[in-house]
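Work through the following exercises with the model open in a viewer, trying each task before reading its solution.

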Amino acid sequence: MTRYISIIFLFTVSILLSQAEDGSKLWLRFGQTKASPIHFTGINADKNLFAVKELQKAWKEMYRKQLSFNNSGNQTLVIGATGSKELQSFGLNKNLEQLGEEGYLIKSFDTHGKHQTVIAAKGKAGLLYGVYHLLRLIQTNDLPENLNIVEKPSYAVRILNHWDNLDGSIERGYAGHSIWKWEEMPTKISPRYTEYARANASIGINGSVLNNVNASPNILRKNYLEKVKILAGIFRPFHIKVYLSINFSAPSVIGGLPTADPLNPAVIKWWGDKVNEIYQLIPDFGGFLVKANSEGLPGPQDFGRTHADGANMLADALKPHGGIIMWRAFVYSPDNDDRAKQAYNEFVPLDGKFRDNVIVQVKNGPIDFQPREPFSPLFGGLKLTKIMPEFQITQEYLGQSNHMVYLAPLWKECLDSDTYCQGKGSTVARITDGTLYKRELSAIAGVANIGEDTNWCGHHFAQANWYAFGRLAWNHNLTSEQIAGEWLKMTFNKDTGFVRSASNMMIASREAVVNYMMPLGLHHLFAWEHHYGPEPWCDFPNARPDWLPKYYHQANEDGIGFDRSSHGTNNVEQYCSPLREMFDKTETCPEKYLLWFHHVPWNYKMKDGKTLWDELCYLYDAGVKDVRRSEATWNNLQAYVDKERFEAVKAKLAIQEQDAIWWKDACLLYFQGFSQQPIPPYIEAPVHKLDDLKKIKLNMASHN
Ligand code: GCW
């Protein structure tokens, strides 16, 4: 009897557990959300199409049954590619041709008393994306009676960069270990590989670089390539290609050659053979991502060659197979003057020297994924070379997996920036998406925030950043609000009031982190090792000067900020007119970049009449208040969110509030030592003592 009861008990517990809202399903909670009424009487499509299988899988989760293959009802869903019998009567072939391999149409037709909804595309990839689009409309309750959707991606390559090491650790990963279980393959294949692919495909991501840019040469060994092949096979139906980061010295480290000189014939042959070996295993392999001569990694300059020599040698090996090289421009050295200028100085002289299957991958800002940076002057600076933005989805410098920071506004700020380099309207988006220079190959990368945590990203709201990256890569004209709205409806709740409040909270979160960490263009004030908390005072003997905060804030008795104007390092000159002139003068420089480009006296008058010091105090304080506002908003939304996720987010917001206060107190108390001015009475007085804050040593070992 007791045994019987405990079985019932276990059964009940397992049902409850399987329904627990742990975030594991991301935005694909087909079974969890209240599905809108069924719109279709049946489906007319080839059962064997992967897109159709994906639709049916989701359908079953939503409605507990599949959509019947039946064309006789009056509300049919038709899915078909160019030339298929299902599409014959709709005359869409011409329109589809213009949408390329990945574009699609979703269109309603009323004929002979029948209302038909057609998902049509040139090929399988487009159909898959069309299906996910339709599912999203159902999930968000946004499916109108008549549809006329035409979609085509902004970027050809929409790719995640995993900084995952072969030992399972993740550089700057804050959601547990890597999801790639290299040791287990091929014996054990984690179900997460498929879930990962589905989640990515559902938002339009079509590429994945599996390993860290600080790459182990071992990834190119046969035993690893066999495992990469397994992942490629799982991703293939989802239209996701695999790419690898390579180590430039692989020919010597694993190939036994005496050199890795890109112009050496034996090295060229080694790479050619290696690339052939890869394509034998993975015929649709995407290509390589390369970090070379950067932060101590090997590269062509070790042999007196240029970045172009290195990139082109690899590009030539990949070219016959259709592969590409994404060559990172993240280069800087402590011996040069201003770090913000170095990538431009290195790469602009090479403009036009890269093969056509090379894209130079550039971080959004010239330094390193700070809460706010102006766009990198390489966007606009490189005219004859393909260039792609690299965004950081993982929050290395933005509170990691503890802070809720919605990143779409940060990325949009970069994409929407006008470089003016081919006149007005030369935005970063248009330069990189291929429209300005009429290029077919275009790409955008995001450094993934994915790990083996149950909810994938560490913080439930960090899922929104993975989602937003994919959606913006697909369509950079979407607004941050639209994306937040979609994500909230699918992930949490469709209630209009809930979506409005939660979306406002998300949108405000980016400016909040700028305020409580590094307002007015301040940057690189974070702690040396973990990059989590503040350490503007950080200094020790023999440290690389360009890795120390004081290199960047330059605070002294006169003022604060880095003079990059024409009186300083003249970094402003790397920007095109009229930005160059605008950034050059304190009066015309946007205040959000003031201390990025200028060293400004403490008593400088800001536009609102405050002194710089008072403004700084005001903004740090505003950041803390913003976080408190988010906490209040979240508490008000309790009724709309399941207990598990509500509590988890609430607990993280409490940490964020404490951290915001920590940042504010640390920065203001430290800078006060230079400004020698009181903290104005209208802001909250510091609760910490500077000496105590200086003693904080975090044990963040698990984070890196
Ligand atoms: O910001 C730095 C990070 C490194 C990273 C590097 C890069 C992968 O702290 O961890 O290395 O950027 O982008 O290459």
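**Exercise 1. Determine which strands make up the closed barrel and how they pair.**

Solution. In this predicted model, begin by tracing the barrel, which closes after eight strands in the order β6-β7-β8-β9-β10-β11-β12-β13, with parallel pairing. Next, consider the angle between neighbours: strands next to each other in this sheet are turned by 25 degrees on average, direction ignored. Then look at individual pairs, starting with β6 (residues 157-161) and β7 (residues 207-209), which run parallel and are joined by three bridges; within this pair, N161 has V209 of β7 as its bridge partner. On to the following pair, where β7 and β8 also run parallel and are linked by three bridges, and where G207 stands opposite K241 of β8.

Finally, ask how far β8 is enclosed. Of the six residues of β8 (residues 241-246), five are buried, so this strand is largely enclosed by the rest of the structure.

**Exercise 2. Find which strands are touched by helix α14, and describe the surroundings of its residue G470.**

Solution. First place a helix on the sheet for orientation: α12 (residues 408-415) lies across β12 (387-392) and β13 (443-447), and runs at about 160 degrees to β12. Helix α14 (residues 463-474) likewise packs on the sheet, where it touches β6, β12 and β13, and its direction makes about 155 degrees with that of β6.

Now turn to G470, which belongs to helix α14. With a relative accessible area of 0%, G470 falls under the 20% cut-off and is therefore buried. To see what surrounds this residue, leave aside residues up to four places away in sequence, and G470 is found to touch I203 and I205. As a last step, compare chain position with distance in space: G470 and N200 are 270 residues apart along the chain, yet their C-alpha atoms are separated by 7.3 Å.

**Exercise 3. Decide how many residues of helix α5 are buried, and identify elements that cover them.**

Solution. Count first: nine of the 11 residues of α5 (residues 192-202) are buried, so the helix is largely enclosed by the rest of the structure. The buried residues are R192, Y193, Y196, A197, R198, A199, N200, A201 and S202. Then look for the cover over these residues, which includes the helices α2 (50-63), α4 (124-139), α6 (222-235) and α14, together with the strands β6 and β7. To finish, follow the chain beyond the helix to G204, whose phi is positive, near 95 degrees.

**Exercise 4. Give the strand order of the open sheet and say which strands stand at its edges.**

Solution. The order across this sheet of five strands is β1-β2-β4-β3-β5, and the pairing is mixed. The edge positions belong to β1 (42-44) and β5 (148-151); each has a single partner strand, so one side of each is left without a neighbour in the sheet. On average, neighbouring strands here are turned by 20 degrees against each other, direction ignored. For a pair to examine in detail, take β3 (residues 104-111) and β4 (residues 114-121), which are antiparallel and paired over eight bridges, with V118 of β4 serving as the bridge partner of K107.

**Exercise 5. Describe the largest cavity, the largest pocket and the second largest pocket by volume and lining.**

Solution. Start with the enclosed spaces, of which there are nine with 30 Å³ or more. The largest cavity holds about 130 Å³, and among its 15 lining residues A329, F330, A343, G365 and P366 are closest to the centre. Two elements, α10 (339-347) and β11 (358-363), each give two or more residues to this lining, which by class comprises 10 nonpolar, three polar and two charged residues.

Continue with the open spaces. The largest pocket has about 920 Å³ and a lining of 29 residues, with E102, A156, E440, L441 and S442 nearest its centre; the lining contains eight nonpolar, 12 polar and nine charged residues. The second largest pocket has about 410 Å³, and of its 21 lining residues R172, E295, Y332, Y397 and H531 lie closest to the centre. That lining divides into eight nonpolar, four polar and nine charged residues.

Methods: Residues numbered from 1 in each chain as written. Predicted model: local features only at pLDDT ≥ 70, side-chain atom pairs only at ≥ 80, totals over all residues. Heavy atoms only, no water. Pairing = 2+ DSSP bridges. Helix = DSSP H or I, 4+ residues; strand = E, 2+ residues; numbered from the N terminus. Axes fitted to C-alpha atoms, helices over the stretch in contact; angles between N-to-C directions. Contact = heavy atoms within 4.5 Å. 1 Å grid on protein atoms, 1.4 Å probe; cavity = no way out; pocket = protein on both sides within 12 Å on 5 of 7 lines; lining within 4 Å. Points joined across faces, edges and corners; volume = space filled by probe spheres on them. Nonpolar A, V, L, I, M, F, W, Y, C, P; charged D, E, K, R; others polar. Buried < 20%, exposed > 50% of the residue type's maximum accessible area, 1.4 Å probe, protein only.
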